[in-house]
Amino acid sequence: MRANPGGVLDIADIIGRDEFIARMWDVFNWNSVSLEADRRVGKTSVLRKMCAAPPAGWEAAYLDVGKAHSPTEFAEIVAAEVFKRLTGWNRPTVRLAEYLSPPMAGSVEPIFRLTGRDRPRDGSWKHLLTAAIEDLVEQQTEVGRRVVLLFDELPWMLQAVAIRDNPLAAAEILHVLRALRQSWTAGRGFRMLICGSIGMHHVLRLVDTYAAPLNDVTKVMLPPLSRVDAIELARRLIAGEGLNVEPGSVAQTIADETEGYPYFIHLIVSRLAVDSLLVTPERVRELIQRVLIDPNDPWELKYYRNRIAWLYPRDGSLPLVLLDAIAVAERPVKLAELQESAEHAGEGDAKKVREVLRLLVLDYYLSRDAEGGFAFRLPFLRQWWIHDRELA
Ligand SMILES: Nc1ncnc2c1ncn2[C@@H]1O[C@H](COP(=O)(O)OP(=O)(O)O)[C@@H](O)[C@H]1O
Ligand SMILES: [Mg+2]
């Protein structure tokens, strides 16, 4: 197995996750799911592995909706995928056909568009989306299967819609999806999985809807790879890249230093493969130290810094003040101390401090121990933070 950071893996190269996937299918028996995890933890890979081998009685469709920027584009993506699956189904009442203009002759990938007549009409995307899902459910019910739609990057899309279009349009998408989940005709025949690295809590804050459009789905967190699987991945990549490795604990070191993030495991091994030096645990640690201060930021950790501004638009300097105070502390920091740091920085609102800390935990920056102390969740991110913010 070759190192392929960020690439689309062969299904056989997606290590582990089997128990997690089995649990997901179990949950689908009774509910839809909102799956959240930090980016690069392996969400998309899990969805692809689920689609590759659904259990008997299920049909799964993967939909990358991150590229949609409007409700209409969203509905078109769903409809195009459904339409592909309906070919050969000779039901004269295919509702979908009414809404779509056929793909242009000669186009490589059939892209269905709402017909010119319907496209500008307000709300016609809702009919398209509903018709697509109802058609698919009806077709699958006939052959005794239920359908799962896996919406990858839906929170990202909703955020784009809320910012570019308006928050009401994003709320409407959530309401239509909810209505579909609860519909008498389609609801029992299908489930959806909403997946993304921006927490839905931010989307809901932005959308500001009072209707709690997600309180009927089961929330699930995808953890990084287990230590056993992370070591297995490192081993396979080391073998695949033909690295010259000191016998012993190199694979363990890679797994531990990356906290089981598969993306960083691929990155480290591909970097080690550049020369033929003997790889030792020390060399792995040195390499990571160099990565963390490299001005080119090969792990793109700047992402964690840059997204603060748009995740916390109303919170001023408070998120940075709190993260800085936690980064420089040698042990987990208690709330009272953090209140003090905030006050020093002129951010004295105690309620706001608690709220921002809560969000920083949900957004994968921090974890909280049993005594209530806050610390960076990823030690390498903490180190990078200290360097980048010049806190040393
Ligand atoms: N289970 C896995 N086994 C091996 N490599 C993985 C696994 N999951 C993710 N990866 C690696 O990490 C990269 C990022 O994974 P991806 O599924 O795209 O994460 P996310 O969708 O959470 O951002 C992939 O391109 C691949 O290199
Ligand atoms: Mg992804």
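**Close-ups of a parallel sheet and two helix pairs**

**View 1. Ser34 faces Lys219 of strand β7.** This close-up, like the others here, comes from a predicted model. Ser34 also has a partner in β6, where Ile194 stands opposite. Which strands flank β1, then? Strand β1 (residues 33-36) is joined to strand β7 (residues 218-221) by 4 bridges, and the two run parallel. With β6, β1 pairs in the parallel sense as well, again over 4 bridges. Look at the side chains next: are the two faces of β1 covered or open? Both are covered, with Val33 and Leu35 buried on one side and Ser34 and Glu36 buried on the other.

**View 2. Strand β5 sits between β2 and β6.** Of the 7 residues in β5 (residues 146-152), 6 are buried, so think of this strand as mostly covered. Strand β2 (residues 58-64) runs parallel to β5, and 7 bridges join the pair. One place to spot the pairing is Glu59, which stands opposite Val147 of β5. Over towards strand β6 (residues 190-196), the count is 6 bridges, and β5 and β6 run parallel too. Here Leu149 is a handy landmark, standing opposite Met192 in β6.

**View 3. Five strands make an open parallel sheet.** Reading across, the order is β2-β5-β6-β1-β7. Why do β2 and β7 each have a side without a neighbour in the sheet? They stand at the edges and each has a single partner strand, so one side of each is left free of a sheet neighbour. On average, neighbouring strands are turned by 20° against each other if you ignore direction. Two helices pack on this sheet. Helix α3 (residues 71-86) touches β2 and β5, and its direction makes about 140° with that of β2. Helix α4 (residues 124-142) touches β2, β5 and β6, with a direction at about 145° to that of β5.

**View 4. Helices α8 and α10 pack against each other.** The axes of α8 (residues 227-240) and α10 (residues 262-272) are 10 Å apart, at an angle of about 25°. Angles under 35 degrees count as roughly parallel, and α8 and α10 are therefore roughly parallel to each other. In passing α10, α8 makes a right-handed crossing. Which residues meet here? From α8 come Ala230, Leu233, Ala234, Leu237 and Ile238, and they meet Pro262, Ile265, His266 and Val269 of α10. By type, that contact splits into 8 nonpolar residues, 1 polar and no charged.

**View 5. Helices α11 and α16 cross at roughly 40°.** The axes of α11 (residues 281-293) and α16 (residues 379-388) come within 9 Å. The pair is therefore classed as oblique, and the crossing is right-handed. On the α11 side, Gln289, Leu292 and Ile293 make the contact, while α16 brings in Phe380, Gln383, Trp384 and His387. How many of these contact residues are nonpolar, polar or charged? There are 4 nonpolar and 3 polar residues, and no charged ones.

Note on methods:
Residues are numbered from 1 along each chain as its sequence is written. Chains are lettered from A and ligands numbered from 1 in the order in which they are written. This is a predicted model: local features need pLDDT of at least 70, side-chain atom pairs count only at pLDDT 80 or more; totals for chains, interfaces and linings use all residues. Side-chain values use heavy atoms; hydrogens and water are left out. Buried means under 20% relative accessible area, exposed over 50%, partly exposed in between (1.4 Å probe, protein chains only). Two strands pair if DSSP finds at least two bridges between them. Axes are lines fitted to C-alpha atoms, for helices over the stretch in contact, and angles run from 0 to 180 degrees between N-to-C directions. Angles under 35 degrees count as roughly parallel, over 145 as roughly antiparallel, 65 to 115 as roughly perpendicular and the rest as oblique. A crossing is left-handed if the near helix is turned anticlockwise from the far one by less than a right angle, and right-handed if clockwise. Contact means heavy atoms within 4.5 Å. Ala, Val, Leu, Ile, Met, Phe, Trp, Tyr, Cys and Pro count as nonpolar, Asp, Glu, Lys and Arg as charged, and the others, Gly among them, as polar.
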